[in-house]
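User: Please take a close look at one part of this structure, its second largest pocket, and explain in connected prose what surrounds it. I am a first-year student and would be grateful for an explanation that proceeds step by step.

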Amino acid sequence: MEQPISVTRSNFNDWMVPVFAPANFIPVRGEGSRIWDQENKEYIDFAGGIAVNALGHAHPVAVNALTEQATKLWHVGNGYTNEPVLRLAKQLTENTFADKVFFCNSGAEANEAALKLARKVGLDSGVAGKSGIVAFNNAFHGRTLFTVSAGGQPKYSQDFAPLPNGINHVAFNDLEAAKAAINEQTCAVIVEPIQGEGGVIPADIEFLKGLRALCDEFGALLIFDEVQTGVGRTGSLYAYMNSGVTPDILTTAKALGGGFPVGAMLTIDKFAPHFSVGTHGTTYGGNPLASAVAGAVFEFINTPEVLEGVRHRHQYFLDALNTLNAEYQVFDEIRGQGLLIGCVLTAEYAGKAKDITTWAGEEGLLALIAGPNVVRFTPSLIIPEQDIDEGIARLKRALAKLAK
Ligand SMILES: *Cc1c(COP(=O)(O)O)cnc(C)c1O
């Protein structure tokens with residue numbers, strides 16, 4: 001067999017559109033919560049592919065589902081349905097508030113579908129001008145033009161103007177501000193139960209309850225963007241289950257495929273028919289390969305043992321991080337739920353989150369940031385305790401560098 005083409009990190013700069021600035025090593029292999037790079041250096045993975053690799057790397061459940069389906073049927077197009085997608089739809093609807101599912105390939109596409117459905121429901125309501133969308137400052141909903149406009153970080157959208165209009169941003173966790181913005185012309189309110197990219201900031205339960213009441217009062221759809229918080233990440237199957245607030249639409253992606261690209265928009269029978277034949281679509285959405293993997297990953301995660309394990313690991317992480325922090329005093333606050341954890345840097349270390357993850361990489365630890373002041377961890381939901389211990393030991397060495 002021919003040798004594969006030899007590549008190095010510097011080739012990224014040669015050939016890749018520079019929207020990313022990846023670390024200076026290239027991971028080539030993973031197993032569980034460990035990764036190895038081209039030099040065979042080992043890393044503990046506290047990043048989990050940004051809340052995606054819910055079962056870690058190369059988990060037999062996912063590998064078997066993928067390889068089994070790979071020999072049967074990859075893709076047929078949406079002129080035909082397929083068995084894996086129907087099974088996955090059954091799993092999602094039986095285990096959530098939802099009655100109907102639309103499948104796509106990413107979080108942004110799931111949110112795009114959600115926002116378009118809400119606009120369509122608004123149009124069909126007959127209320128003139130019912131197209132307004134209320135979203136929140138600092139939110140992140142993806143990178144398509146509509147979703148980046150719904151996101152609350154102008155630095156990601158302003159360069160692409162003119163932007164879709166009718167989107168009104170107000171302060172997150174500020175119910176009075178939301179109340180002032182939501183009216184008869186509002187078709188949707190979109191919110192993350194925990195702002196992920198924005199800094200791991202949980203929504204207050206009273207805030208979510210208030211949004212639910214306002215949506216009911218004005219006939220607007222409440223959309224929960226659970227792209228980051230979904231599929232066991234918070235220790236519940238979906239974060240809305242922790243809040244007692246049920247949305248009208250929920251979007252899920254990231255962990256759904258455990259590393260295979262898949263996304264979904266969930267909704268109820270009352271709204272699904274507004275997306276009638278031909279009103280929306282996608283080539284790959286719900287293809288058999290993605291659906292088979294997602295079905296296996298979902299079945300594995302949606303058990304009391306795995307979800308309880310996430311809550312247990314949350315506390316285990318917290319204890320370890322608090323012990324570290326007692327020594328180095330770099331974090332003001334450690335927040336989040338389950339295995340979506342954000343460590344907020346003290347004023348003294350403000351802006352240093354990226355440096356910490358770079359040094360962590362040198363010490364053999366993959367970690368994330370959530371803005372310049374928050375170090376974020378979103379590891380595998382089944383990361384072994386000994387890997388947590390080892391990762392914390394490596395983080396400690398990175399923090400020692402910072403403290404110097
Ligand atoms: C990652 C993320 C998205 C975008 O998902 P993609 O798969 O990158 O398109 C949307 N919303 C939230 C909350 C996310 O964390």
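Analyst:

**The second largest pocket and its surroundings**

In this predicted model, 34 residues line the second largest pocket, and those lying nearest its centre are Asn78, Val101, Phe102, Phe103 and His280. The space within this pocket comes to about 770 Å³. Sorted by class, its lining contains 16 nonpolar residues, 16 polar residues and two charged residues.

Which elements each supply at least two residues of this lining? They are helix H4 (83-94), strand E4 (100-104) and strand E12 (263-267). Of the contributions to the lining, that of E4 is the most, at four residues.

The next step is to place these strands in their sheet. E4 and E12 stand side by side in an open sheet of seven strands, whose order is E4-E12-E11-E10-E7-E5-E6 and whose pairing is mixed. E4 is one edge strand and strand E6 (167-170) is the other, each pairing on one side only. From one strand to the next, the twist averages 20°. H4 packs on this sheet, where it touches E4 and E12, and its direction makes about 130° with that of E4. Thus the elements named for the pocket lining, H4, E4 and E12, are also in contact with one another through the packing of H4 on both strands.

Further along the sheet, strand E10 (residues 221-225) and strand E11 (residues 249-252) run parallel and are joined by three bridges. Within this pair, Phe224 stands opposite Leu250 of E11. Another helix, H9 (residues 205-218), lies across strand E5 (132-136), strand E7 (186-191) and E10, and runs at about 165° to E7.

The loop between E12 and helix H11 (288-301) holds Asn287. Is Asn287 buried or exposed? Asn287 is buried because its relative accessible area is 11%, and the cut-off for a buried residue is under 20%. Leaving aside residues up to four places away in sequence, Asn287 touches Trp74, His75 and Asn82.

For comparison, consider a separate set of strands. Strand E1 (residues 27-31) and strand E2 pair in the antiparallel sense over four bridges, and the bridge partner of Glu31 in E2 is Arg34. The two strands form a hairpin with two residues between them, and Gly32 in its turn has a positive phi of about 60°. E2 also pairs with strand E3 (residues 42-45), again in the antiparallel sense, over three bridges. Here Ile35 stands opposite Tyr43 of E3. The hairpin of E2 and E3 has four residues between the strands, and Asn40 takes a positive phi near 70°.

In a regular strand, side chains alternate between the two faces of the sheet. In strand E2 (residues 34-37), both faces are covered: Arg34 and Trp36 are buried on one side, and Ile35 and Asp37 are buried on the other.

Finally, the pocket may be set beside an enclosed space. The count comes to one cavity of 30 Å³ or more, and the largest cavity has a volume of about 30 Å³. Among the residues that line it are Ala139, Phe140, His141 and Tyr156. By class, the cavity lining has four nonpolar, six polar and no charged residues, whereas the lining of the second largest pocket includes two charged residues.

Note on methods: Residues numbered from 1 in each chain as written. Predicted model: local features only at pLDDT ≥ 70, side-chain atom pairs only at ≥ 80, totals over all residues. Heavy atoms only, no water. 1 Å grid on protein atoms, 1.4 Å probe; cavity = no way out; pocket = protein on both sides within 12 Å on 5 of 7 lines; lining within 4 Å. Points joined across faces, edges and corners; volume = space filled by probe spheres on them. Nonpolar A, V, L, I, M, F, W, Y, C, P; charged D, E, K, R; others polar. Pairing = 2+ DSSP bridges. Axes fitted to C-alpha atoms, helices over the stretch in contact; angles between N-to-C directions. Contact = heavy atoms within 4.5 Å. Buried < 20%, exposed > 50% of the residue type's maximum accessible area, 1.4 Å probe, protein only.
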